[in-house]
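Ready for a short walk through a protein chain? Open your viewer, and follow the stops below one at a time.

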Amino acid sequence: MDTSLSQRCLDIRCDCLKAIGHLGVGHIGGSLSVVELLTVLYFEAMNIDPSRPKMPGRDRFICSKGHAGPAVYAALANRGYFPKELLLTLNQGGTSLPSHCDMNRTPGIDMTTGSLGQGFSCAVGAALGSKLEGDGAMIYTLIGDGESQEGQVWEAAMFAAAKKLDHLIAFTDYNKLQIDDTVAKVNDIAPLDEKWRAFGWNVINVEDGNDLLQVSQAVAQAKGFIGSGKPTMVILNTVKGFGVPEIIAMGTGNHNCPFSEQQADDAIRALREAFAAEAAKGKEA
Amino acid sequence: MEMRAAYAQCLAQMMEADRHVVVLDADLSKASGTRGLYERFPEQMFDCGIAEQNMASIAAGLASYGFTPWIESFTPFATRRICDQIAISIAYAGMNVKIVGTDPGISAELNGGTHMSMEDIGVLRSIPGMVIVEPVDEVQLRAAMPVLQAYKGPAYLRLFRKETEKVFPDDYRFELFKADLLREGRDLSIFVSGLPSADTLRAADMLAKEGILAEVINVHTIKPIDRESVIASARKTEHVLTVENHNVIGGLHSAVLEALAAERIPVCALGIPDRFGEVGKLPYLKEVMGLTTENIVRKAREALK
């Protein structure tokens, strides 16, 4: 794996923290849990051109769990879609970076999402569109584990398999937490892999969805399923709030919570120090 | 010809001309009259099965890819059941999707109360950017469909699907956002949409025999309503009646009231009297809901008091 990928991942996580910290509140837990995935997609997997966000035939990423907007924006800024300074306007009145993803406001956002379950169907619609156009694009989409309680997700799952949309790669951010409690206690979705298999999908289970290498390998494997006649679900076992121990410790409370500029600075410093220490260790070895 | 047959012919012409025109069903293509198009347009017709939410958002995804999807189902399932998908996936995202609801209001007849939407216009009218069109007859439908296809943005076609009485002449030209004057009058303005239009014209004939000259205006586009025509006619006659196959709350009556809010002109309503539907054939349902020619005449007299 490209070593600069882990540097990118660090930068995206830090920029996401900075943006939420600047505002003082935000959907921090479910943003931090998907940073590894976004890094792999935007810096390794996707055929995109930041200077032409609407490029025909481009690969698309539809973040159905639209509340992960802050992480997606950090990834887009790092990829060069817009200047990083813009990240500090997150959720301010008149911003082009609203809490939930909006294709009409943000360069690089391929679909407006936020009402859970819908973005996933939209991604299936885009995959059908791509198939009809024969443009060879890959359609990537991300749903939450709590979001998987929406019936619409399973309507779309059935349709995608029936239409053999094998250029559709979906991810579940399986961080096991939702707003009211753990997913298991609120309305358990397990066994998730068996459900997707039963719906006619290829399933890849990633033991650690916050491990860049594992995510990268899973995406490569999923791409290998083109031609299988089945869409692919990659289940990412993640940690909500990954990278910031005090956020992880909040548990279900970290879905949307206050986060100060000072907390952001401290978290960023800790992350960068740990990264430097790890890099030094790597060199010694 | 049944309205649905004319509708299917228009769709076929549009699909023939542009491969980006696609049609999505939720297991009601037979009812919508489009089943026969599947064989002819296999790359443009998609049955999503009984999953309307998914159909609406799939349409949005296709629209994001440059397609113009027409999604169709019975009126209640095409609107109130998927209100959030229409609001967010389609309207909020600014997607160019046409929503077709068939069997509006009492025209669901033998399917009964569960399949009757008296509130679909009200539901969609409060979603920003939604255009709402209800054609009266085959001529108006055929004229309206290419205009809706050319219009870039979300639109709702409220489609009576069986045979209708002819109201518009063959050389009729449809203008989106512009109401049609059906009968010029002096004493009373009757604004009508959809199904009761023919009965309203008959009512105007009966009123004329009493010396009451009713102006009849067909408001085919309920949102955005043609304020200019509504206000001009109301100012002329100073008495207004609205007639519609929809709850008197939220539909044409409300739209006319809003247009006339500053006019100090009384506006009487004839429509579904804020109640659910029930099973029955059209003549029975017209009787029950008060949508008969005789009742339109009676209401018109009341409006003049």
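The tour starts with the whole chain and then moves into one sheet.

Before you click, know that this is a predicted model, where local features need pLDDT of at least 70, side-chain atom pairs count only at pLDDT 80 or more, and totals for chains, interfaces and linings use all residues. Residues are numbered from 1 along each chain as its sequence is written, while chains are lettered from A and ligands numbered from 1 in the order in which they are written.

**Stop 1: chain B.** Select chain B and colour it by secondary structure: 13 helices and 12 strands appear. These are DSSP runs numbered from the N terminus, with helices (H or I) of at least four residues and strands (E) of at least two. The C-alpha atoms of chain B fill a box of roughly 60 × 35 × 35 Å, taken along the principal axes. Of its 305 residues, 60% count as buried, meaning that 20 or more other C-beta atoms, placed from the backbone, lie within 10 Å of a residue's own.

**Stop 2: the sheet.** Now select the five strands of an open sheet in chain B, in the order β7-β9-β8-β11-β12, with mixed pairing. Two strands pair if DSSP finds at least two bridges between them. Look at β7 (180-183) and β12 (267-272) of chain B: each has a single partner strand, so one side of each is left without a neighbour in the sheet.

**Stop 3: a parallel pair.** Zoom in on β8 (residues 188-192) and β9 (residues 214-218) of chain B, which run parallel and are joined by five bridges. Which residue in β9(B) is the bridge partner of Ser189(B)? Select Glu215(B) to see that partner.

Note on methods: A residue is buried if 20 or more other C-beta atoms lie within 10 Å of its own, exposed if 12 or fewer, and partly exposed in between; C-beta atoms are placed from the backbone.
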